[in-house]
Amino acid sequence: MRDHEPRNYFLYDRDTGKQVLDWPIWAVAVAVLTCIGLLIGIILFVVFLIFYPIRGGTTVLGFLGMLGIFGIYAINFAFFLPASMSTCGAREFLMGVLYAVAIAPLLVKSIDNWRFKDTEYSPDRYVGLTNPCALVLITLGIILVQCIIPIEWLVLKPPSASMMGDSTNQHDWMWCDPHDFYDISLVLSMVFVIFLVLLTAIFSALSWDSESNYFESRWIFVSTICTAGCFLVWMVVSTNAGPPYRDPAVAIANLVNATAFLLCGPFRKCILLIKFKFEEDQVKSLPADDASESWFVIT
């Protein structure tokens, strides 16, 4: 690692040399896109709470997964701000946990789709250990397993940050300690999440032909592929590239990954909801005899 390089760049006035922005230039641009994605996600969440038909089963897992998506967007702000005890602690603990909150529901859903891929939907299959409450508890158990890893990290090495002493005064930037191992540690804290992504990809691929929830498994599989690609890029860049590119790589990957989750999950469901609402309104506008025949075809 070339420790003499600055971690991030700010915008400075050419004449006076004073710092113009409190955040690096890249952080300002990524923050705008992050806020847009977060706002759209919150709007979709409210729409689903009001209009989405709650049928039981894995529906509640969709809402839990959306909370994980919001968290992935929000954790970016810990990378926009200078490193400190609080921001470094947030990065170290929340990165893996928030990804687990987003991915664990997809894993449980993909396993559910795989188990019932050749059967029609029925409330009777969600009883006993497969009732909605049990599915949520299983998901929370998976998330708690991920919590163990960053907790051990924080206990063994409490979060702290320090200035790079040999950086130029103008471009100096706080780093999370230890400077030479922090990025590698961040990658290692995601090992269990990578395992969850792999399992989710396998089970969603096994149920690729399942028509459950309008081929939901296919979209889950696409989400895992996007996640794997984002992980590969930011993990390689953050451990091998020059210091100025490491935090931006993580933040941009989080933005892309959360957006992929949003498009393949909630946004797709919103389109289906609008489509079915439109078809239902069309059926209601038909004469009684035609409406009964059309409703039979739709259902």
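**Exercise 1.** Is Cys147 buried or exposed?

*Solution.* Start with the cut-offs: buried means under 20% relative accessible area, exposed over 50%, and partly exposed in between, using a 1.4 Å probe and protein chains only. Cys147 has 12% relative accessibility, so Cys147 counts as buried.

A word on the ground rules. This is a predicted model, where local features need pLDDT of at least 70 and side-chain atom pairs count only at pLDDT 80 or more, while totals for chains, interfaces and linings use all residues. Residues are numbered from 1 along each chain as its sequence is written, and side-chain values use heavy atoms, with hydrogens and water left out.

**Exercise 2.** Work out how helices H4 and H5 pack.

*Solution.* Step one is to find the elements: helices (H or I, at least four residues) and strands (E, at least two) are DSSP runs, numbered from the N terminus. H4 covers residues 85-115 and H5 residues 132-156.

Step two is the geometry. Axes are lines fitted to C-alpha atoms, for helices over the stretch in contact, and angles run from 0 to 180 degrees between N-to-C directions. Here the angle is about 160°, and the axes are 9 Å apart. Angles under 35 degrees count as roughly parallel, over 145 as roughly antiparallel, 65 to 115 as roughly perpendicular and the rest as oblique. H4 and H5 are therefore roughly antiparallel.

Step three is the contact itself (heavy atoms within 4.5 Å). H4 brings residues including Gly89, Phe93 and Val97, and H5 residues including Ile138, Ile142 and Cys147. The contact residues split into 17 nonpolar, four polar and one charged. For that split, Ala, Val, Leu, Ile, Met, Phe, Trp, Tyr, Cys and Pro count as nonpolar, Asp, Glu, Lys and Arg as charged, and the others, Gly among them, as polar.

**Exercise 3.** Track down the disulfide and say what it links.

*Solution.* Look for a pair of cysteine sulfur atoms within 2.5 Å. Searching the whole structure turns up one disulfide. Cys88 and Cys176 form a disulfide, with sulfur atoms 2.0 Å apart. Cys88 sits in helix H4 and Cys176 in strand E2 (residues 174-176), so the pair ties together parts that are 88 residues apart in sequence. The link is left-handed, with -100° about the S-S bond, and both Cys88 and Cys176 are buried.

**Exercise 4.** Why is there no bond from Cys264 to Cys226?

*Solution.* Check the sulfurs: the closest cysteine sulfur to that of Cys264 is in Cys226, 5.4 Å away, which is too far for a bond. As for accessibility, Cys264 has a relative accessible area of 11%, so Cys264 is buried.
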